[in-house]
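Please take a moment with the sequence and the structure shown here before reading on. The paragraphs below are meant to be read with both in view.

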Amino acid sequence: MAGSIEFNGNSYPIQNISVKGWGRNLTIATYELQKCLFHDSSSSNYVSREAELIDELIFYYVSPNEIFLLPTKLSKIILENL
């Protein structure tokens with residue numbers, strides 16, 4: 001199921017998909033959202049408590065081109081990279 005997450009006035013696409021072996025739906029988002037959640041790319045310091053809560057909801061981040069793939073293709077990408 002496709003949707004979006006709002007953060008700092010911007011909307012970021014997400015998908016909630018089922019990945020074989022995980023037993024629950026997982027939320028997938030884009031690297032663009034991930035970059036906005038931290039002070040810099042080498043940091044694990046969140047820009048806010050809201051950013052931390054959002055990051056905890058996301059299971060995996062993908063490129064903007066991949067976020068709109070069919071769930072089966074996204075699942076395959078995730079399983080190949082875990």
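What follows leads through the sheet, then the helix lying across it, and then the nonpolar cores.

The model is a predicted one, and a convenient place to begin is its open sheet, in which 4 strands follow one another in the order β1-β2-β3-β4 with mixed pairing. β1 and β4 stand at the edges and have a single partner strand each, so one side of each is left without a neighbour in the sheet. Neighbouring strands of this sheet are turned against each other by 35° on average, when direction is ignored. As a general matter, the strands of a sheet pair through backbone hydrogen bonds, and they do so either parallel or antiparallel.

Going through the sheet pair by pair, the reader meets β1 and β2, which run antiparallel and are joined by 6 bridges; here G3 stands opposite I14 in β2. The pair of β2 and β3 is likewise described as antiparallel, with 5 bridges between the strands, and S18 has N25 in β3 as its bridge partner. These two strands form a hairpin with 6 residues between them, and in this hairpin G21 takes a positive phi near 95°. Between β3 and β4 the direction is parallel, and 4 bridges join the two strands, with T27 standing opposite I58 in β4.

How much of β3 is buried? Of its 6 residues, 5 are buried, so β3 is largely enclosed by the rest of the structure. Helix α3, which covers residues 71–81, lies across β2, β3 and β4, and the helix runs at about 85° to β2.

With the sheet and this helix in place, one can turn to the side chains, where the largest nonpolar core has 12 residues in all, including I5, F7, Y12, I14, A29, L33 and I58. The elements that contribute two or more residues to this core are the strands β1 (2–7), β2 (10–18) and β4 (58–62), together with the helices α1 (31–37) and α2 (49–57). Apart from this core lies another, made of 9 residues, among which are I17, V19, I28 and Y60.

Y12 is one of the residues of the largest core, and its surroundings repay a look. Which residues does Y12 touch, not counting those up to four places away in sequence? Counted in this way, Y12 touches G3, S4, I5 and F7, and also E32, L33 and C36. Of these contacts, I5, F7 and L33 belong to the largest nonpolar core along with Y12.

Notes. Residues numbered from 1 in each chain as written. Predicted model: local features only at pLDDT ≥ 70, side-chain atom pairs only at ≥ 80, totals over all residues. Heavy atoms only, no water. Core = buried A, V, L, I, M, F, W, Y, C linked by side-chain atoms within 4.5 Å. Buried < 20%, exposed > 50% of the residue type's maximum accessible area, 1.4 Å probe, protein only. Contact = heavy atoms within 4.5 Å. Pairing = 2+ DSSP bridges. Axes fitted to C-alpha atoms, helices over the stretch in contact; angles between N-to-C directions.
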